[in-house]
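Colleague: Could you walk me through how the labels in your model are earned? I would like to see the reasoning behind each of them.

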Amino acid sequence: MSNITFTMIKPDATGKGFTGAIIDRIIKAGFVIKALKWTKLSAEKAGEFYAIHKERPFYGELVEFMSSGTIVAAILEKDNAVADFRKLIGATNPAHADAGTIRKDFAASVGENAVHGSDSDENAIIEGNFLFSSLERF
Ligand code: GDP
């Protein structure tokens with residue numbers, strides 16, 4: 001059975017011109033794009049998206065970074081979407097990411113780590129609904 005995950009290509013990666021290459025990797029890995037948009041989060045929206053990390057010491061830095069430039073958000077469909085996508089992107093810290101993963105190849109640091117991937121089916125639905133209306137997904 002197919003299910004969905006949610007991703008954002010983060011401001012570091014869009015700013016360095018990696019958007020096309022990252023989308024190509026995602027499609028070649030078998031994910032089907034159900035929704036896609038190029039946008040920019042306000043600090044307020046970024047803060048809301050990452051509210052679960054509010055108590056973490058890096059929260060302020062994370063919100064500032066995620067609202068510092070454009071992002072590309074997408075809903076992706078595939079069997080085992082959440083786990084397979086996290087495997088495709090690699091560890092949070094690119095220094096610890098496996099060879100061939102998106103973060104290994106495109107990310108610079110644990111904060112500016114090129115892509116977001118949902119960590120559960122439940123959060124994939126919540127995050128997809130946060131960025132997309134019903135008119136924007138197919
Ligand atoms: P993920 O699920 O792999 O994205 O990792 P987490 O849920 O643990 O963290 C969410 C996001 O917060 C990460 O993708 C990073 O952008 C950021 N982050 C995590 N740890 C750090 C850190 O130590 N410093 C900074 N500046 N950002 C961090």
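Colleague: Why is S67 called buried?

Modeller: This is a predicted model, and in it S67 has 15% relative accessibility. Buried means under 20%, so S67 counts as buried.

Colleague: Where is S67?

Modeller: S67 sits in the loop between helix 4 (59–66) and strand 3 (70–79). Leaving aside neighbours within four places in sequence, S67 is in contact with K40, L41, S42, A43 and A46.

Colleague: What makes the pairing of the S67 side chain with the backbone oxygen of V63 a polar contact?

Modeller: A polar atom of that side chain lies 2.8 Å from the V63 oxygen, and the cut-off is within 3.5 Å. The S67 side chain also reaches the backbone oxygen of E64, at 3.3 Å, which is again within 3.5 Å.

Colleague: How do you know that the buried residues of helix 4 line one face?

Modeller: The buried residues there are Y59, L62, V63, F65 and M66. Seen down the axis of helix 4, they fall within an arc of 165°, so they line one face. Exposed E61 and E64 are on the face turned away from the buried side.

Colleague: What makes E61 a polar partner of the ligand?

Modeller: An N or O atom in the E61 side chain is 2.8 Å from a nitrogen atom of the ligand, and the limit is 3.5 Å. Ligand oxygen atoms have such partners too: the side chain of K10 at 2.9 Å, and a backbone N or O atom of G111 at 2.9 Å. Of the 550 Å² that the ligand exposes when taken alone, the protein buries 80%.

Note on methods
Residues numbered from 1 in each chain as written. Predicted model: local features only at pLDDT ≥ 70, side-chain atom pairs only at ≥ 80, totals over all residues. Heavy atoms only, no water. Helix = DSSP H or I, 4+ residues; strand = E, 2+ residues; numbered from the N terminus. Buried < 20%, exposed > 50% of the residue type's maximum accessible area, 1.4 Å probe, protein only. Polar contact = N/O pair within 3.5 Å; in protein donor to acceptor, adjacent residues only side chain to side chain. Contact = heavy atoms within 4.5 Å. Arc of directions from axis to C-beta. Areas by Shrake-Rupley, 256 points an atom, 1.4 Å probe, with all protein chains shown as cover.
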